[in-house]
Amino acid sequence: MSESAQEIRPYRPVTPRIVAEIEALCGEEHVLSGDSKAAARYAHDQVSEARYAHAPELVVKPATAREVAGIMALATREVVPVTPRGAGSGLSGGAVPIHGGICLSLERMSRIVEIDAKNRIAVVEPGVVTNELDGATLPHGLFFAGYPMSEEFCFVGGNVAENAGGGRAVKYGVTGRYVVGAEVVLPTGEILDLGGKRAKDASGYDLLRLLVGSEGTLAIFTKVFLQLLPRPLHRSTTAVFFRDPRSALEAVPDIVSAGGQLPSAVEYIDRYSLVETCSALGESLPLGDALAMLLLEVDGASESAVALHAEAVREACRVRGALSVLRADAPGEAERLWRIRKRIPWALRRAAATQTVEDVVVPVSALPELLDEVGRLERTYDTRIPCFGHAGDGNIHARPQKGAAWTAEEWDVRLGKLLTELYAAAARLGGTISGEHGIGHKRKPYLPLVMEEAQIALMRRIKRAFDPANILNPGKIFD
Ligand SMILES: Cc1cc2nc3c(=O)[nH]c(=O)nc-3n(C[C@H](O)[C@H](O)[C@H](O)COP(=O)(O)OP(=O)(O)OC[C@H]3O[C@@H](n4cnc5c(N)ncnc54)[C@H](O)[C@@H]3O)c2cc1C
């Protein structure tokens with residue numbers, strides 16, 4: 001544990017008596033000591049900076065809501081912190097136990113309980129890998145539309161806790177839109193059933209909506225009811241190349257309304273990200289002089305309607321001065337383009353030893369200005385900031401890279417200033433500091449840049465009402 005965490009730590013240690021009680025509850029084989037080799041992966045999520053890592057004292061893998069409730073009641077009684085954990089794919093340090101204590105891993109709660117096709121509802125445990133849910137809904141002609149682009153490895157519980165978005169949020173919205181019910185365990189150990197298979201609920205405060213996106217600080221999701229949609233039968237994908245970021249991003253509002261329907265994806269990728277990813281994958285794209293690309297997709301139930309919509313989208317790009325258009329009509333071509341898009345985070349991670357992943361979001365019409373601001377920051381701080389992301393939602397992943405000549409100390413100082421300016425610009429443009437990755441630990445110092453103290457104070461009071469001993473995922477968001 002770092003010195004600073006020890007100094008401020010109001011918590012009691014996980015004693016052998018507590019370990020014995022938890023082993024009796026969940027089974028010895030489902031409890032790991034925090035200093036064991038097997039527990040090492042629970043000390044970090046996908047935030048790459050080492051300073052955000054922190055080992056738990058104990059890792060516990062319960063199998064039922066009742067076991068989770070037992071752990072929480074014990075933790076509240078003993079004042080031991082508990083950090084819920086899904087797949088650990090988060091990008092905000094949210095699942096990292098920064099005060100030590102117990103890492104509560106939901107990985108064993110991985111059952112798809114039911115696909116209720118009549119009501120179009122999936123009932124799942126939180127440890128289901130998001131893509132597995134996709135596989136289970138396929139035979140019913142249904143799908144869960146709220147999934148993020150990490151769907152191959154993230155868990156549904158993590159998606160709900162983060163209110164995750166993804167490549168198709170421009171049409172389908174984010175995870176929260178589809179959460180109609182949940183079984184949750186409160187920090188004090190009570191089990192609550194919120195919502196359910198019903199499509200409407202106007203009875204009392206909407207606690208479910210409050211818990212979605214609460215980043216594991218208010219309650220633990222032990223079961224989730226997700227509304228499913230009819231699966232679109234047809235898709236059409238196009239890559240469009242633009243002279244520069246501004247001309248690509250100025251085209252986005254026209255693309256989003258082209259043909260009188262919403263496209264299912266409008267992804268932005270800059271040239272550097274494309275070149276690095278293609279080179280890492282052994283792929284190629286007809287980039288020419290283009291400095292930016294939009295990856296566009298439309299979907300629907302009828303092949304002819306999808307074809308018409310796709311042509312309207314391409315025409316909007318041509319009118320906006322696109323340099324060239326690549327239609328992904330050949331078999332496997334759409335999958336190839338999406339693979340390039342999905343592997344960008346991996347390729348950029350290889351490209352620079354030290355970098356950070358940002359997630360600012362602004363109104364779609366403000367994207368060109370946001371990218372102008374990123375260009376200014378690159379020049380001011382003499383750094384490279386590759387950008388890609390969900391342009392249809394105004395959500396850009398900017399990844400400042402540490403310059404080779406800088407020391408680690410210089411990087412820390414410059415990065416702090418750079419992020420403050422980036423977030424302030426997002427706020428000025430009507431946006432905020434995270435569209436989908438959350439505040440967690442990493443962005444906590446910057447929340448006051450985009451939120452008034454009265455709002456943060458209200459969130460603190462809500463936190464206290466749910467978690468009087470402040471033991472559930474402490475040190476996150478504002479705490
Ligand atoms: C390559 C890559 C691509 C990504 N793409 C996207 C994307 O397109 N869109 C997007 O939104 N995100 C994306 N992410 C971020 C991440 O995958 C999502 O935030 C995801 O929802 C996290 O799920 P997880 O199971 O890994 O959660 P974790 O990282 O384990 O946890 C995330 C937070 O949720 C809490 N939590 C986890 N499970 C529960 C539970 N059952 N109850 C209560 N709290 C819980 C944790 O305490 C933590 O605060 C990406 C990440 C990577 C590495």
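Visitor: How are helix 10 and helix 13 oriented to each other, parallel or perpendicular?

Guide: Angles of 65 to 115 degrees count as roughly perpendicular. In this predicted model, the axes of helix 10 (residues 271-281) and helix 13 (residues 344-351) come within 9 Å and cross at roughly 90°. Helix 10 and helix 13 are therefore roughly perpendicular to each other.

Visitor: Which residues make the contact of helix 10 and helix 13?

Guide: Helix 10 contributes Y272, S273, E276, T277, A280 and L281, while helix 13 contributes I344, W346, A347, L348, R350 and A351. Sorted by class, this contact has eight nonpolar, two polar and two charged residues.

Visitor: At what angle do helix 2 and helix 3 pack?

Guide: An angle over 145 degrees counts as roughly antiparallel. Helix 2 (residues 16-26) packs with helix 3 (residues 65-78) at about 165°, and their axes are 9 Å apart. The two helices are therefore roughly antiparallel to each other. The crossing of helix 2 past helix 3 is right-handed.

Visitor: Which residues of helix 2 and helix 3 make the contact, and what classes do they fall into?

Guide: On the side of helix 2 are R17, I18, E21, I22, L25 and C26; on the side of helix 3 are E67, G70, I71, L74, R77 and E78. The contact of helix 2 with helix 3 comprises six nonpolar, one polar and five charged residues.

Visitor: How should the sheets be read, beginning with the one formed by four strands?

Guide: Strands of a sheet pair through backbone hydrogen bonds, in either a parallel or an antiparallel manner. Here, four strands form an open sheet in the order 1-2-4-3, with mixed pairing. Strand 1 (31-33) and strand 3 (82-85) stand at the edges with a single partner strand each, so one side of each is left without a neighbour in the sheet. From one strand to the next, the twist averages 20°.

Visitor: How many bridges join strand 2 to strand 4?

Guide: Three bridges join strand 2 (residues 58-60) to strand 4 (residues 102-105), and these strands run parallel. One residue to locate is V60, whose bridge partner in strand 4 is L104.

Visitor: Which strands of this sheet does helix 2 touch, and which does helix 3 touch?

Guide: Helix 2 packs on the sheet and touches strand 1, strand 2 and strand 4; the direction of helix 2 makes about 15° with that of strand 2. Helix 3 also packs on the sheet, touching strand 2, strand 3 and strand 4. The direction of helix 3 makes about 165° with that of strand 4.

Visitor: In what order do the strands of the sheet formed by six strands stand?

Guide: The order is 15-12-14-13-16-17, in an open sheet whose pairing is antiparallel. Strand 15 (324-327) and strand 17 (395-398) are the edge strands, each pairing on one side only. The twist in this sheet averages 20° from one strand to the next. Two bridges join strand 13 (residues 265-270) to strand 16 (residues 387-390), which run antiparallel. In strand 16, G389 is the bridge partner of Y268.

Visitor: How many aromatic pairs does the structure hold?

Guide: The structure holds four aromatic pairs. Ring planes over 60 degrees apart count as edge-to-face. One of the pairs, F144 with Y178, is edge-to-face, at 6.3 Å centre to centre and 90° between the planes. This pair links distant parts of the chain, 34 residues apart: F144 is in the loop between strand 7 (142-143) and helix 5 (156-162), and Y178 is in the loop between helix 6 (169-172) and strand 8 (179-185).

Definitions and conventions. Residues numbered from 1 in each chain as written. Predicted model: local features only at pLDDT ≥ 70, side-chain atom pairs only at ≥ 80, totals over all residues. Heavy atoms only, no water. Axes fitted to C-alpha atoms, helices over the stretch in contact; angles between N-to-C directions. Parallel < 35°, antiparallel > 145°, perpendicular 65-115°, else oblique. Left-handed = near helix turned anticlockwise from the far one by under 90°. Contact = heavy atoms within 4.5 Å. Nonpolar A, V, L, I, M, F, W, Y, C, P; charged D, E, K, R; others polar. Pairing = 2+ DSSP bridges. Phe/Tyr/Trp six-rings, centres within 6.5 Å; stacked < 30°, edge-to-face > 60°.
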